[in-house]
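Please open the model in your viewer, with a cartoon for the backbone and sticks ready for the side chains. The tour below goes from one selection to the next and says what is to be found at each stop.

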Amino acid sequence: MIYDLNIAWTPSTTSERLLQTLSLAHSLGYSTVALNHTLELPFPTNPTSPFPSGLESSPSRKLPKLLHRATLPLDDPAASNYRLQSLANVYDILAIRPLTDKAFQNACLTLDIPIISLDLTTHFPFHFRPKPCMAAVSRGVRFEICYAQLLTADNRGRANFISNATSIIRATRGRGIIISSEAKTALSLRGPADVVNLLNVWGLANEKGLEGLRNIPRSIVVNEGMKRNGFRGVINVVQVASRDSRDSNKSPLEDNEQSTGTDTDLGGKKGQKQKRKNGAEDGQSISKRQAKKMRLAARSADPDKKPAS
């Protein structure tokens, strides 16, 4: 299964354009995609899902499985919560887009979010150092590289994209990188093989690129689903049948086997008792025979002695 966890969506996106993008994604081999909504501050107190409904039930087109995602711009690290819990109840996946050095450090070391998404076409006022990047990877945070940013940027933006992508790959040693498109139209989508070959030019190995399209996004989807459906480590509670219902569901064959085993046990115990009894009788008869022989031997040795009455 191949994932694309960033298909750009805005309230101004028409349904026809979105259906074209999703249909092409399915034809390219993407089985699961996420519609990404970039939020703006301040967030509403009671957020609701803004995505259109009924897209998966399109009868004329085959579409991939749809997920809902929100990307939060992070500028001030002091406001670290951003009502993440309320947003997690509405969206399937959450991502952070840091804009400053302090926000990037906070996202790598503190925030409980699965994805750090960056606009790699911009010039960042900080460097991607290995220490915070590897700390984020060890915590389970993934860095997202969106290849459609390169296709729609100008010459300066393309140079920044290549420089930033190379720096992230070098800082993380190719670990914990998720590859997405952030495609706004169907023309920005590319096939998985083309994307892997493109990132291989900038230092990401082919096996790491395949993991960024398959295993890593799948782990994000599964972990986020467990967080929403679980409580204190318990994922789901399965109802256990009572003892009476289990006894009533027993087959007659099991009952016969149990009764036969009981009779066998009883027969074995009776047989052991009978053997012990026979052994005792045999021991008693042997002792009487030996006593008689001793008396006969004593009489033959002393013939003048009268037998005892």
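Two strands are said to pair here if DSSP finds at least two bridges between them, and the strands themselves (E, at least two residues), like the helices (H or I, at least four residues), are DSSP runs numbered from the N terminus. This is a predicted model, in which local features need pLDDT of at least 70 and side-chain atom pairs count only at pLDDT 80 or more, while totals for chains, interfaces and linings use all residues. Residues are numbered from 1 along each chain as its sequence is written, and side-chain values use heavy atoms, with hydrogens and water left out.

**The whole chain**

Begin with everything selected: the secondary structure comes to 11 helices and 7 strands. Of the 309 residues, 37% are buried, where buried means under 20% relative accessible area, exposed over 50%, and partly exposed in between (1.4 Å probe, protein chains only). The protein exposes about 18800 Å², of which carbon and sulfur atoms supply 52%; such areas come from the Shrake-Rupley method with a 1.4 Å probe, and for residues only the protein chains shown count as cover. Among contacts (heavy atoms within 4.5 Å) between residues at least 6 apart in sequence, 77% join residues at least 24 apart.

**Strand 4 and its partners**

Next select residues 93-98, which form strand 4. Because 6 of its 6 residues are buried, strand 4 is largely enclosed by the rest of the structure. In a regular strand the side chains alternate between the two faces of the sheet. Here Ile93, Ala95 and Arg97 lie on one side and Leu94, Ile96 and Pro98 on the other, and both faces are covered.

Add strand 3 (residues 65-74), which pairs with strand 4 in the parallel sense over 6 bridges; Pro73 has Arg97 as its bridge partner. Then add strand 5 (residues 115-117), paired with strand 4 in the parallel sense over 2 bridges, with Ile96 standing opposite Ile116.

Just before strand 4, in the loop that follows helix 2 (84-88), select Tyr91. Is Tyr91 buried or exposed? Tyr91 is buried, with a relative accessible area of 3%. Leaving aside neighbours within four places in sequence, the contacts of Tyr91 include His37, Leu39, Phe51, His68 and Arg228. A distance line from Tyr91 to Glu224, 133 residues apart along the chain, should read 9.9 Å between the C-alpha atoms.

**The nonpolar core**

Now colour the nonpolar core, a set of buried Ala, Val, Leu, Ile, Met, Phe, Trp, Tyr and Cys residues joined through side-chain atoms within 4.5 Å. The largest such core has 59 residues, and those with the most contacts inside it are Leu72, Phe104, Ile116, Phe128 and Phe143. Helix 6 (residues 155-172) gives the largest share of this core, 5 residues. Apart from it lies another core of 10 residues, among them Leu5, Ala34, Ala95 and Ile115. Centre on Phe104, whose contacts beyond four places in sequence are Pro98, Ile116, Leu118, Phe126, Phe128, Cys133 and Phe143.

**Helix 4 and two cysteines**

Cys133 leads to helix 4 (residues 130-138), where the buried residues are Pro132, Cys133, Ala136 and Val137. Seen down the helix axis, these fall within an arc of 140 degrees (taken from the directions from the axis to the C-beta atoms), so they line one face of helix 4. They pack against helix 3 (101-109), strand 6 and helix 6, whereas Lys131 and Ser138, on the other side, are exposed. After helix 4 comes Gly140, with a positive phi near 95 degrees.

Show Cys108 as well, which is buried at a relative accessible area of 0%. Counting as a disulfide a pair of cysteine sulfur atoms within 2.5 Å, the total is 0. The sulfur of Cys133 is 5.3 Å from the closest cysteine sulfur, in Cys108, and is therefore too far for a bond.

**Strands 6 and 7, and Leu120**

Select strand 6 (residues 142-146), which pairs with strand 7 in the parallel sense over 4 bridges, with Ile145 opposite Ile179. Strand 7 (residues 177-180) is covered on both faces, by burial of Ile177 and Ile179 on one side and of Ile178 and Ser180 on the other.

Finish at Leu120, in the loop between strand 5 and helix 4, which counts as buried at 0% relative accessibility. Among its contacts beyond four places in sequence are Ile145, Gly157, Phe161 and Ile168.
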